[in-house]
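Please open the structure in your viewer and keep the selection tool at hand. The tour goes from stop to stop, saying at each one what to select and what can be found there.

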Amino acid sequence: MTTAVVHALGALAHGAAHAPAPAGCGCPPPVVLADRADGTVVRSGPVVAKAHAPGTDTAALAVRLRLAARPGLADILLAPLPVEPPTAPVEATAPHVTPYLAVVHGRPVTLWPHGEPVDPGDPDAAPWEEAAVLLARLHSTELPASAPAYERPPASPAGWSRGLPVMRGPAKAALAVDRMRAARPGHPSLAPVLAAWQRLPAWARDEAPAPAHRSRFLCHGDLHLGQLVRYPAPRGRWLLIDVDDAGIGDATWDLARPAAWYAAGLLPPDVWFRFVGAYRAAGGPALSAEGDPWPELDVAARALTVQTAALALAKSAAESRDPDDVEQMMIESCARIAALPSELAAEHAS
């Protein structure tokens, strides 16, 4: 990330935290919280500024931001802050004008209130049940027959439904596999991961539209514990953050990462059963009220297993190292999926 973008993000966050900033402000300098290929995040006091990934579909992002700002979702999603930068080098407002999005140095930028993230050093306090309840509420959100005119792109392209973007889970899985292929050509670990990938139905590989029964819920699209914060910090209620992948889709995808971890032996059974129980108790529509949830979760869990293994291989290649023990467990899970009889691998594919 360029220094100019980091400075611009800091100025945006600082300006939003002090409207207007007092003369001779003695605030500490902005802090870079994350700097990855998919986004850079800078905090100034109670405000966080995020530069989204290059190539982000700004029309879809604008819709997702308005979705997060809806009062009816205030107890589920952290709402964005209006971008009102009087001095930052803002080039233009994004297409399909929204007060929550600007373009800085060619990157879409958003502002958010700072929330207290999950403490990675205290796994026993991880809010699995709270996450399950939030997902159940999100998945149960009633969708409009069509979105308001300001949310609809000029021509509804593929990847939109009722004026809302499609959840990007399958697209991200496909991108992870592409990254792996580019990073590890010829590596022996590619074979089981690709074999597991090819056993997925076309919709889960982002090669075809999902069946209608898998395309009717409002989804987060990238659920993991890093997507929850307490707001107001530090002891407010838990809320979901990061709507970059949110949209209409298969609600089981939001449950699939913990399911994949459980199947790989990374998530203890008692935690998994608490998570599923909390989702069901909250009326989550992705799962039946009782019985084995795996038939409903199978496809999405296998897809997230492949995605995680593919990213592990790409990341370890970029860092010039072998996959670590946890990463290797996900690769081995792909090998087990690839070894399933064809009739079992395809049993819940539709």
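Which residue in E12 is the bridge partner of Leu228? Select Leu228 and look across to E12, where its bridge partner is Leu240. Please keep in mind throughout the tour that this model is predicted.

**The hairpin and its sheet**

Now widen the selection to strand E11, residues 228–231, and strand E12, residues 237–240, which run antiparallel and are joined by four bridges. Together E11 and E12 form a hairpin, with five residues between them. In general, the strands of a sheet pair through backbone hydrogen bonds, and they can do this in a parallel or an antiparallel way.

Add strand E7 to the selection, and you have an open sheet of three strands in the order E7-E11-E12, with antiparallel pairing. The edge strands here are E7 (116–117) and E12, each of which pairs on one side only. Between E7 and E11, which run antiparallel, there are two bridges. To see them residue by residue, select Pro117, whose bridge partner in E11 is Val229, and then Glu116, which stands opposite Arg230 in E11.

**The loop between E11 and E12**

Stay with the hairpin and select Tyr231 together with Pro232, since the peptide bond from Tyr231 to Pro232 is cis, with omega near -5°. Pro232 is found in the loop between E11 and E12. A little further along, select Ala233 and Pro234, which are also joined by a cis peptide bond, with omega about 0°. Pro234, too, has its place in the loop between E11 and E12. As a general background to this stop, most peptide bonds are trans, and most residues other than glycine have a negative phi.

**Two residues with positive phi**

Next, select His105, which is not a glycine but has a positive phi, near 50°. Its place is in the loop between strand E5 (102–104) and strand E6 (107–113). Is His105 buried, partly exposed or exposed? With a relative accessible area of 38%, His105 is partly exposed.

Then move to Ser320, another residue that is not a glycine and yet has a positive phi, of about 55°. You will find Ser320 in the loop between H8 and helix H9 (325–338). Ser320 counts as exposed, because its relative accessibility is 70% and the cut-off for exposed is over 50%.

**The nonpolar cores**

In soluble globular proteins, nonpolar side chains tend to be buried together. To look at this part of the model, select Val193, Leu228, Leu240, Trp253 and Tyr279, which are the residues with the most contacts inside the largest nonpolar core, a core of 81 residues. The element that gives the most to this core is H8, with ten residues. A second, separate core has 15 residues, including Val5, Ala49, Ala102 and Leu111.

Which residues are in contact with Val193, if its neighbours within four places in sequence are left aside? Select Met180, Val306, Ala309, Ala310, Leu313, Ile331 and Cys334, and you will have the residues that are in contact with Val193 in this way.

**The cavity**

For the last stop, turn to the inside of the model, where the structure holds one cavity of 30 Å³ or more. About 50 Å³ of space lies in this largest cavity. To show what surrounds the space, select Gly169, Lys172, Gly221, Asp222, Leu223, Trp253, Asp254, Arg257, Leu304 and Gln307, which line the largest cavity. Helix H4 (169–183), helix H6 (252–264) and helix H8 (294–318) are the elements that give two or more residues to this lining. H6 gives the most to the lining, with three residues. If you colour the lining by kind of residue, you should find three nonpolar, three polar and four charged residues.

Note on methods:
Residues numbered from 1 in each chain as written. Predicted model: local features only at pLDDT ≥ 70, side-chain atom pairs only at ≥ 80, totals over all residues. Heavy atoms only, no water. 1 Å grid on protein atoms, 1.4 Å probe; cavity = no way out; pocket = protein on both sides within 12 Å on 5 of 7 lines; lining within 4 Å. Points joined across faces, edges and corners; volume = space filled by probe spheres on them. Nonpolar A, V, L, I, M, F, W, Y, C, P; charged D, E, K, R; others polar. Pairing = 2+ DSSP bridges. Core = buried A, V, L, I, M, F, W, Y, C linked by side-chain atoms within 4.5 Å. Buried < 20%, exposed > 50% of the residue type's maximum accessible area, 1.4 Å probe, protein only. Contact = heavy atoms within 4.5 Å.
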